[in-house]
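This briefing walks through a protein model for a reader at the bench, taking charged pairs, core, aromatic rings and surface in turn. Please keep the sequence and the structure in view while reading.

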Amino acid sequence: IDDLYTEASKLVLSLRSQFAQLDSPSTLNNSSNNLTNKTDVFESNLYTLSRKIDELQTCLSDTNFRPTKKESLKRRVDQLFEDYKSIQSSFYSLKARKDREDEEKTRLKFSEGLRGEHSINIRNLVGESESLSNSSSMGDDVLSMAENVFASLGQQNDTLKAIHRRVLDFSTNMGITRSLIKHIERRVFVDKVILFGSMTFVLVLLVVLVYYFRF
């Protein structure tokens, strides 16, 4: 039992030294692989210490010692157990703190990435807004031109109708020949075709311009 106690005591000293290295800034700033390896070794030694303490407690229960020696051994084993619990608690606190720091670093990187992405998106949206504004202004100009054309064509149509009615009245009064009236009607029909053809062309041109400047 003395040899087992000596091994456990050395392991406590070793664990304290290892913990001091783990908690140092140089180790915490090292690569994650190196830190993980040291953590794995520490956890393995901590588990070994736990097993040795269990063996010491079993020996105390199963072996007959003089009362004074047994009491002395029990105090020393109890002290080892307290050391073990203290080291274990400190190690778990260190792991929790390291996990929080890693989460915070990850969150900051993610936030920086989002800010950069949002900045790019905002610039793109501003560019698209300016493009749409220019397209809207040009579309308004085209609409205004189309309205003027439609108004002009409407006036011409009204004028042709009035002329047509006057010619018909005049032909009735003056006896103009039927062939002249038909010629005038054909002219009116051709003018209507030109009117509606012009309106259709302007509408198609408007749709093409709006589509081009929006997309």
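Helix α4 holds both E104 and R107, which sit three residues apart, or about one turn of the helix. Their side chains meet in a salt bridge, with N to O at 2.5 Å. The model is a predicted one, and the points below set this pair beside the other features computed from it.

**Overall make-up**

- The secondary structure of the protein amounts to five helices and zero strands, and reading along the sequence gives the pattern α-α-α-α-α.
- The protein has 215 residues, of which 22% count as buried.
- When contacts between residues at least 6 apart in sequence are considered, 78% of them join residues that are at least 24 apart.
- About 15700 Å² of the protein is exposed, and carbon and sulfur atoms supply 56% of that area.

**Salt bridges**

- Side chains of opposite charge can pair when their charged atoms come close.
- The structure holds seven salt bridges, and one of them is the pair of E104 and R107 within helix α4.
- In that pair both partners count as partly exposed, E104 with a relative accessible area of 35% and R107 with a relative accessibility of 44%.
- Another salt bridge is formed by E7 and K52, whose closest N and O atoms are 2.9 Å apart.
- Because E7 belongs to helix α1 and K52 to helix α3, this pair ties together parts of the chain that are 45 residues apart in sequence.
- The two partners differ in their exposure, since E7 is partly exposed with a relative accessible area of 41%, whereas K52 counts as buried at 17% relative accessibility, which falls under the 20% cut-off.
- D191 and R187 also form a salt bridge, and here the closest N and O atoms are 3.4 Å apart.
- These two residues lie four residues apart in helix α5, which covers residues 178–214, so about one helical turn separates D191 from R187.
- Within this pair, D191 is buried with a relative accessible area of 16%, while R187 is exposed with a relative accessible area of 53%.

**Nonpolar core**

- The largest nonpolar core contains 21 residues, and among these L15, F42 and L49 touch the most other members.
- The elements that contribute two or more residues to this core are helix α1 (2–22), helix α3 (32–62) and helix α4 (67–174).
- Setting aside residues up to four places away in sequence, L15 touches F42, N45, L46, L49 and I87, so that two of the residues named above for their contacts within the core, F42 and L49, are included in the list for L15.

**Aromatic rings**

- The structure has four aromatic pairs by the ring-centre rule.
- In one of them, the rings of F19 and F42 have centres 6.3 Å apart and planes at 50 degrees, an angle that lies between the 30 and 60 degree limits, and therefore the pair counts as tilted.
- This pair links distant parts of the chain, as F19 is in helix α1 and F42 is in helix α3, with their positions 23 residues apart in sequence.
- Both F19 and F42 are buried.
- F91 and Y92 form a further aromatic pair that is tilted, with 6.0 Å from centre to centre and 45 degrees between the planes.
- The exposure of these two rings' residues is not alike, in that F91 is buried with a relative accessible area of 2%, whereas Y92 is partly exposed with a relative accessible area of 48%.
- Taken together, F19, F42, F91 and Y92 form one aromatic cluster, and F42 is also one of the residues that touch the most other members of the largest nonpolar core.

**Nonpolar surface patch**

- F189, V190, V193 and I194 make a nonpolar patch of about 380 Å² on the surface.
- V193, one of the residues in this patch, is placed in helix α5 and is partly exposed, with a relative accessible area of 47%.
- Helix α5 is also the element that holds the salt-bridged residues D191 and R187.

Note on methods. Residues numbered from 1 in each chain as written. Predicted model: local features only at pLDDT ≥ 70, side-chain atom pairs only at ≥ 80, totals over all residues. Heavy atoms only, no water. Core = buried A, V, L, I, M, F, W, Y, C linked by side-chain atoms within 4.5 Å. Buried < 20%, exposed > 50% of the residue type's maximum accessible area, 1.4 Å probe, protein only. Contact = heavy atoms within 4.5 Å. Salt bridge = Lys/Arg side-chain N within 4 Å of Asp/Glu carboxyl O. Patch = residues over 30% accessible without salt bridge, like charges linked within 9 Å, V, L, I, M, F, W, Y side chains within 5 Å. Areas by Shrake-Rupley, 256 points an atom, 1.4 Å probe, with all protein chains shown as cover. Phe/Tyr/Trp six-rings, centres within 6.5 Å; stacked < 30°, edge-to-face > 60°.
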